[in-house]
Amino acid sequence: MAELARAVGVSDATICKWEKGETSPMSYAVIALAQFFGVTADYLLGLDDYCQAGRDRGV
């Protein structure tokens, strides 16, 4: 969790609150999370079924 928090630029406590559903990440954090996990922001937000942009679509 500490590595993720550092990569996103937030505290461990903030990550914990996201996991518990107490708060939601701001847009900058969603982008950082997507980069950290190698997926699209749309995927994280449940707007896309594909993990990586273009990869499964033949783009």
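Is Val8 buried or exposed, to judge from its relative accessibility? At 6% relative accessibility, Val8 counts as buried, because the cut-off for that class is under 20% relative accessible area. The legends below concern a predicted model.

**View 1. The whole chain is built from helices.** In this predicted model, the chain contains four helices and zero strands, so that reading along the sequence gives the pattern α-α-α-α. Of the 59 residues of the chain, 25% count as buried, and the accessible surface comes to about 4300 Å², with 52% of that area belonging to carbon and sulfur atoms. When contacts between residues at least 6 apart in sequence are considered, 16% of them join residues at least 24 apart.

**View 2. Nine residues make up the largest nonpolar core.** The members of this core are Leu4, Ala5, Val8, Val10, Ile15, Trp18, Ala29, Ala32 and Leu33. At least two residues of the core come from each of helix 1 (2–8), helix 2 (12–20) and helix 3.

**View 3. Val8 and its surroundings within the core.** Val8, a residue of helix 1, belongs to the largest nonpolar core. When neighbours within four places in sequence are left aside, the residues in contact with Val8 are Trp18, Tyr28, Ala29, Ala32 and Leu33; among them, Trp18, Ala29, Ala32 and Leu33 are also listed as members of the core. A separation of 9.6 Å is found between the C-alpha atoms of Val8 and Ala34, two residues that stand 26 residues apart along the chain.

**View 4. Thr40 reaches towards Tyr43 from the loop between helix 3 and helix 4.** Thr40 is placed in the loop that lies between helix 3 and helix 4, while Tyr43 has its place in helix 4. The side chain of Thr40 reaches the backbone nitrogen of Tyr43 at 3.0 Å. Thr40 is buried, with a relative accessible area of 15%, whereas Tyr43, at 32% relative accessibility, counts as partly exposed.

**View 5. A nonpolar patch on the surface includes Tyr43.** Together with Tyr43, the residues Phe36, Phe37, Leu44, Leu45 and Leu47 form this patch, and their combined accessible area is about 580 Å². Helix 3 (27–37) and helix 4 (41–44) are the elements that give two or more residues to the patch. Tyr43 can take part because its relative accessibility of 32% passes the patch cut-off of over 30% relative accessible area.

Key: Residues are numbered from 1 along each chain as its sequence is written. This is a predicted model: local features need pLDDT of at least 70, side-chain atom pairs count only at pLDDT 80 or more; totals for chains, interfaces and linings use all residues. Side-chain values use heavy atoms; hydrogens and water are left out. Patches are made of residues with over 30% relative accessible area and no salt bridge: like charges are joined within 9 Å, nonpolar side chains (Val, Leu, Ile, Met, Phe, Trp, Tyr) within 5 Å. Accessible areas come from the Shrake-Rupley method with a 1.4 Å probe; for residues, only the protein chains shown count as cover. A salt bridge is a side-chain nitrogen of Lys or Arg within 4 Å of a carboxyl oxygen of Asp or Glu. Buried means under 20% relative accessible area, exposed over 50%, partly exposed in between (1.4 Å probe, protein chains only). Contact means heavy atoms within 4.5 Å. A polar contact is a pair of N or O atoms within 3.5 Å; within protein, one must be able to donate a hydrogen and the other to accept it, and residues adjacent in sequence count only if both atoms are side-chain atoms. A nonpolar core is a set of buried Ala, Val, Leu, Ile, Met, Phe, Trp, Tyr and Cys residues joined through side-chain atoms within 4.5 Å.
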